[in-house]
Every structure is written in C-alpha cells, then in structure tokens.
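Here are my notes on the model you sent round, point by point. Have it open while you read.

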Amino acid sequence: MNAGLRRRYIADAAFRWAGLGAVVFSGLILVFLLGAMASNGIAGFQRSELKLTAPINGAILIDPARLAQPDPIGGLEAAGLPTLVDSAADRAFGPGGADLLAETAWREVGAQLIENPTLLGKETLELSLPASDDLANAQRGGGEPALRAVAQKLVAEKRLVRAFDSGFLVRSDATSPQSVGIWGALKGSMMTMLVTLLLAFPIGVLSALYLEEYAKHNRWTELIEISINNLAAVPSIIFGLLGLAVFLAAFPNLRSAPLIGGMTLALMTMPVIVISGRNAIKAVPPSIRDAALAMGASPVQVVFHHVLPLALPGILTGTIIGMARALGETAPLLMIGMRAFVASPPSDFTSPSSVLPVQIFLWSDEIDRGFIERTSAAIVVLLIFLLVMNGSAIYLRNRFEKRW
C-alpha cells in the first residue's frame, strides 16, 4: 500500500510540474513573439529624413490667399512649391540633391504651410523631409556603393536621420515605403467590423433566444443545431467563396467595399455568436424564469426583461471574441477582391477599401526592405487592435457578470 501511495504522489507531482512547465513554455513563446514583433515594429514606425533649410519668400513668392482655396495643395503646386523644395535640396546637398528627396516631399511642406499659415511670414523654413527610397535603403546598408557613401556622409553630418514617422498612422497606402501609412486599412477594418457587428449580433442573439427558449426539441431543431456547430468549424475561405458567389453577384459594383466585406465576415461570425449565446442563456438558472412567471410576467417579458440581461455578459464576450477572429481573417476578404491598391481612406461603406490583414499580406510580398519594416509596424497595430477588443470582452464580462 505504501509503495502504491508513493507512486501516486510521484505521478501527481510529475503531472503538476508538467503542467507548470507547459504554462511557462507557452508564456516564453508569447513573450518571444511579442518581443520580436515590438523590436521589428520600432523600425517600421520610423523613416529616413533629410534636414534642410528652404526659403519661403525667396525666389518664389507664395500668396497666403492660395491656402484658402478649395484645393490649397494644387495652388501651392501651381505657385512652384515643388521647384522651391527641389532647388533648396540642390543648394543643401549639391547638384542632384533633389533626387535624394522623396517625390512627395514637397507635399509635406505644403501640408505644414496649410496647417500653420504664419510660416509664410518667415524668410526660411527648417524642414525634415522624407528621403528617397534609394537613399533610405543605402542608409540601411543596401544599394549602390556610391549612394551608401553619400548616406554615410549625411549621417555623419546629422543631416540624414531615422525619425519617428507620425504620419504612418494618418496616411494611406502608397508605392513608396517612405510614404505609406496604415490609416486607410485601419479605417477600412473598423468599417468592416461595424457592418459585421450590426448584422451578426442581432441575428445571432435572436437565433440563440429562439432555439433555447421557444423552439421545440425535435429532429428539425437538432438538425439546425448540428448545422450551426458545423458552420462554426468551416474554413474561412469557404465563406469567402460564398460571399463571392452571392454578395458580389448581387452587387457587382461594390467589389472590395467594407459593406461586402462586413456581410461576408458576418456569415462567418454568426455561428460563433449563436453558440456562445445559447451557452450563456443556458447558464441562467431556471429559478429566474419560474420566479418571473410566478409574478405574472409573460413569456416574452421573462426572456427580454430577465433572461437576456443576465445572459448578456456571456453573449458579449463570445461576440467580441468572434469579432476578433474575424478581424484577423484574410482569405475570405481576398476572395471578394479586398486586395486592391487603395491610395485614400474609404469615405463610406461602399467605397473601395483595404483591411489590416490584407494590407499586411500585400506589404510582406514586397521586395523592398522598407516595406518589410512597415509590415512589422502594421502587425503591431493589428495586435493592439486585437488586445483592445479582447480587453473589452474581459471588462464587459467582469462588469456585468452575475453569480448565483
């Protein structure tokens, strides 16, 4: 007997240490993943910038009235602002200095003038403008030897620096890694998730209520339950094919629109909401229903005044987790065409748009090292978005959870 007890204690201790080891190993993997993403993402939030001085009221006089026009950037371009910036670069860096700047550098100068018109009263303007893709690559150690020598010289003179790119969060996609931004894809993700929530949540919750509170348990409801459970396990690309065959066939002019993307993801999210909703409704004690009926409440009042409010925390938790899963999906959105190059944020739910997972996929396929860094930064933004959604689920669960 003593030998048997010792074996049981040893087995219990071994199982306990094995479980602790698994938890520690999982934690280390998570820390390594987050650390790798954070370290790579830091470079993605930076860009190479050139520092120079440009005359504002020098060779080209810019009329302040141009800034009040409907298209102030166009007015500044007509006034010769691109030429002004290029000539300032040639004076600062020698002949061919304008080639060291990104093609959109003058637009950033124009944006500063539009935001702060008082700068027009100055004789000169201290600027920090994006470098060209070739110069940025040379600063990282790539490109031609001659350009690398120029980059090293400018770095030594502290005229070529790596600076935090605040515009990365407010710009949209571009052909240059120095000019790209994540706002267009982030806004598209938000709009797509909003459509998904508005469609999937009410339909999923009402379906769960009907199946749990009103439907009779027979072969028909058993078939529905089995179908819902199977739909929750269907690969996401199948829903993309369904959206391609149904939604795009009905609305062919809305390819890559958040409305179509949201409807496609709603199909994928609805089974998850129905399953979590039914489990939350089942968790409500039958005594709540019996007490409400004994007080004279109708069956509808029992459901919507008592059962649903008590089950809502579990329903919201399952909904947000399902939405977080939908946020990271790429395959169904690729199937409905949300992989187009979109240079401006969507203005409404029917405008062409991209989403964060697809934007990450497209940037990761680029050869330029600058896009690889931007991909890491976009992954960090997506992880933060997911953490916010999962944190909201935890807060709602703890805020409204009832214990019996």
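What radius of gyration does the protein chain have, and what would a compact globule of 404 residues have?

1. Overall dimensions. Keep in mind that this is a predicted model. The chain comes out at 29 Å, where a compact globule of 404 residues would sit near 22 Å. The C-alpha trace spans about 90 × 65 × 40 Å along its principal axes.

2. Make-up. I count 15 helices and three strands in the protein chain. Buried residues account for 44% of the 404. Take the contacts between residues at least 6 apart in sequence: 76% of them join residues at least 24 apart.

3. Main core. The largest nonpolar core has 41 residues, and the members that touch the most others are Ile260, Leu333, Leu356 and Trp363. At least two residues each come from helices H7 (183-214), H9 (236-250), H10 (258-282), H12 (299-327), H14 (356-364) and H15 (369-400). H15 gives the largest share, with 10 residues. As background, nonpolar side chains tend to be buried together in soluble globular proteins.

4. Leu333 up close. Skip its neighbours within four places in sequence, and Leu333 is in contact with Gly261, Leu265, Met338, Val355 and Val358.

5. Another core. There's also a second, separate core of 28 residues. Leu52, Leu84, Phe93 and Ala105 are included in that one.

6. Helix H14. Why is H14 largely enclosed by the rest of the structure? Because seven of its nine residues are buried, taking buried as under 20% relative accessible area. Those residues are Leu356, Pro357, Val358, Gln359, Ile360, Leu362 and Trp363. They pack against H7, H12, helix H13 (331-335) and H15. Two of the names, Leu356 and Trp363, are also on the list of core members with the most contacts to other members.

7. Largest pocket. If you're after a site to look at, the largest pocket has a volume of about 440 Å³. It is lined by 16 residues, with Arg47, Arg107, Glu108, Ala111 and Arg171 the closest to its centre. Strand S1 (46-55) and helix H4 (105-115) are the elements giving two or more residues to the lining, and H4 gives the most, with five.

8. Pocket chemistry. How many residues of each class are in the lining of the largest pocket? The split is seven charged, five polar and four nonpolar.

Key: Residues numbered from 1 in each chain as written. Predicted model: local features only at pLDDT ≥ 70, side-chain atom pairs only at ≥ 80, totals over all residues. Heavy atoms only, no water. Core = buried A, V, L, I, M, F, W, Y, C linked by side-chain atoms within 4.5 Å. Buried < 20%, exposed > 50% of the residue type's maximum accessible area, 1.4 Å probe, protein only. Helix = DSSP H or I, 4+ residues; strand = E, 2+ residues; numbered from the N terminus. Contact = heavy atoms within 4.5 Å. 1 Å grid on protein atoms, 1.4 Å probe; cavity = no way out; pocket = protein on both sides within 12 Å on 5 of 7 lines; lining within 4 Å. Points joined across faces, edges and corners; volume = space filled by probe spheres on them. Nonpolar A, V, L, I, M, F, W, Y, C, P; charged D, E, K, R; others polar. Rg over C-alpha atoms; globule rule 2.2 N^0.38 Å.
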